[in-house]
Amino acid sequence: MDPDPRTALETERARATKLLGDVERSMQDVSDARDGANTDDEHDPEGATLAWERGSLGAVRDDARRRIEQVDAALRRLDAGTYGRCAVGGEPIPEARLAAVPWAATCVAHA
């Protein structure tokens, strides 16, 4: 296991938090562009594009929020001394999995 998983988790949390802020600003920009235009999403070619962009940004926003929740849970497990143990079966999570996905809560078999 990485000698300092907290650093990897905090780095990922900072990255996801920045992404969330960027996406929320972009969503506001799209919303402002739509509000500033006198268009009808259903009949205006640009309206469909704006709707698709809002949907895409919403998916990225939701993923960033989910990642922050996963990282926060991993940090709590680290503090509790249960980090690196599968939340389902209790067996150790392989070091390679934790290196690739430091917020992993389960072993590969239970993922």
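The following paragraphs describe salt bridges in this structure, which is a predicted model. Side chains of opposite charge can pair when their charged atoms come close. Counting a pair when a side-chain nitrogen of Lys or Arg is within 4 Å of a carboxyl oxygen of Asp or Glu, the model holds nine salt bridges.

One of them lies inside helix H1, which spans residues 5–36. There, Arg15 and Glu12 are three residues apart, about one turn of the helix, and their side chains form a salt bridge with an N to O distance of 2.7 Å. The two partners differ in their surroundings: Glu12 has 11% relative accessibility and is therefore buried, being under 20%, whereas Arg15, at 41%, is partly exposed. The pair also belongs to a wider arrangement, a network of salt bridges that links Glu12, Arg15 and Arg67.

A second pair within helix H1 joins Asp22 and Lys18, which are four residues apart, again about one turn of the helix. The closest N and O atoms of this salt bridge are 2.7 Å apart. Lys18 has a relative accessible area of 54% and so counts as exposed, the cut-off being over 50%. Asp22, with 27%, is partly exposed.

Another salt bridge connects two helices. Asp72 pairs with Arg13, and their closest N and O atoms are 2.5 Å apart. Because Asp72 lies in helix H2 (residues 45–80) and Arg13 in helix H1, this pair ties together parts that are 59 residues apart in sequence. Both residues are partly exposed, with relative accessible areas of 22% for Asp72 and 29% for Arg13.

Technical notes. Residues numbered from 1 in each chain as written. Predicted model: local features only at pLDDT ≥ 70, side-chain atom pairs only at ≥ 80, totals over all residues. Heavy atoms only, no water. Buried < 20%, exposed > 50% of the residue type's maximum accessible area, 1.4 Å probe, protein only.
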